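User: Please take a close look at one part of this model and stay with it. I want the pairings, the contacts and the burial in one connected account.

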Amino acid sequence: MARSRTGLGLFATRPIKKREYIVTYRGRRITNAEADKLEARGSRYMFEINSRWTIDGSPRWNLGRYVNHSCRPNTEAVERKGRVIVYVARRKIKPGEELTVDYGKDYFDAFITKSRCQCDKCRERRAARQAEYRAKLRRAEKRKASTRKRQAVKKKPTSAKRTPAKRTPTKRTAAKRTPAKRTAAKRTPAKRKR
């Protein structure tokens, strides 16, 4: 058990062969109705065995609870006799590799969601999408820059055209008016016809 991207995780300490037993998911067996009540209060370590029973894997001594989710898991959950859930390897696992399992669509939709999945596959997919988006923005910026250059070249005057001669402004003298000479015309109100 060690720190992983998503919190605590379970890691292989030795090479594990395909279909080899890894760990048992332990806890008390409860009814699905009880499990629903616990999930409503925030408990996340419920492993549904069938339509009637669920294993409450909340105790910390349950090492199976530290197997994290991955969209490309290296382990899988198998039901053994007596309603015991064990994790077995789906492929060869190297020492130091994190043990992961696919939690299923219901758990994924309720707790993880696609934007927060930290498995390698999802991280690679998000990185590829971001790189594609950045490349698209760079292409759009290049197009804008080339369009601006073309427009600037079109607006630039060519040397073959003659430029008009500049005119020098003439001074105009305004007639000076003094308040004494100014007479205001008296307005008479217009007669209304009735």
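Analyst: A salt bridge here is a side-chain nitrogen of Lys or Arg within 4 Å of a carboxyl oxygen of Asp or Glu. By that rule E97 and R91 qualify, with their closest N and O atoms 2.6 Å apart. Both partners are partly exposed: E97 has a relative accessible area of 21%, and R91 has 37%. Keep in mind that the model is predicted.

The part to look at is the three-stranded sheet. This sheet is open, its order is β3-β9-β8, and its pairing is antiparallel. β3 (21-25) and β8 (75-80) are the edge strands; each has a single partner strand, so one side of each lacks a neighbour in the sheet. On average, neighbouring strands of this sheet are turned by 30° against each other, direction ignored.

Take the two pairings in turn. β3 and β9 (residues 84-89) run antiparallel and are joined by four bridges. Y21 has V88 as its bridge partner in β9. For V23, the partner in β9 is Y87. On the other side, six bridges join β8 to β9, again antiparallel. There A77 has Y87 as its bridge partner. Y87 is thus a bridge partner of V23 and of A77.

β8 and β9 also form a hairpin, with three residues between the strands. In that turn, G82 has a positive phi of about 75°. A positive phi turns up again at R19, at about 70°, although R19 is not a glycine. R19 sits in the loop between β2 (7-9) and β3. R19 is partly exposed because its relative accessible area, 48%, falls between the limits of 20% and 50%.

Now burial. β9 is mostly covered, with five of its six residues buried. Y87 is one clear case: its relative accessibility is 3%, so it counts as buried. Y25 in β3 is buried too, at 7%.

These two tyrosines lead to the aromatic pairs. A pair of aromatic rings is described by the distance of the centres and the angle of the planes. The count comes to two aromatic pairs. The rings of Y25 and F47 have centres 5.2 Å apart and planes at 45°, so this pair is tilted. Y25 lies in strand β3 and F47 in strand β5 (residues 46-48), so the pair ties together parts 22 residues apart in sequence. Y25 and Y87 make an edge-to-face pair, at 6.3 Å centre to centre and 90° between the planes. Here Y25 is in β3 and Y87 in β9, so parts 62 residues apart in sequence are tied together. Through these ring pairs, Y25, F47 and Y87 are linked into a cluster.

The sheet also feeds the nonpolar core. In soluble globular proteins, nonpolar side chains tend to be buried together. The largest nonpolar core has 16 residues, and I16, I22, I93 and L99 touch the most other members. β3 and β9 each supply at least two residues of this core. I16 shows how the contacts spread. Leaving out residues up to four places away in sequence, I16 touches I22, A89, R91, K92, I93 and L99. One of these, R91, is the salt-bridge partner of E97.

Back to the charged pairs. Side chains of opposite charge can pair when their charged atoms come close. The structure holds four salt bridges. One of them joins E20 to R14, with closest N and O atoms 3.0 Å apart. Both are partly exposed: E20 has a relative accessible area of 22%, and R14 stands at 43%. Another salt bridge joins R28 to D56, with closest N and O atoms 3.7 Å apart. This pair links distant parts of the chain: R28 in strand β4 (residues 28-31) and D56 in strand β6 (residues 53-56), 28 residues apart. R28 is partly exposed at 49%, whereas D56 is buried at 7%.

One last contact set involves β8. T100 is placed in strand β10 (residues 100-101). At 9% relative accessibility, T100 counts as buried. Among the residues T100 touches are V67, H69, P73 and T75, not counting residues up to four places away in sequence.

Key. Residues numbered from 1 in each chain as written. Predicted model: local features only at pLDDT ≥ 70, side-chain atom pairs only at ≥ 80, totals over all residues. Heavy atoms only, no water. Pairing = 2+ DSSP bridges. Axes fitted to C-alpha atoms, helices over the stretch in contact; angles between N-to-C directions. Buried < 20%, exposed > 50% of the residue type's maximum accessible area, 1.4 Å probe, protein only. Core = buried A, V, L, I, M, F, W, Y, C linked by side-chain atoms within 4.5 Å. Contact = heavy atoms within 4.5 Å. Phe/Tyr/Trp six-rings, centres within 6.5 Å; stacked < 30°, edge-to-face > 60°.
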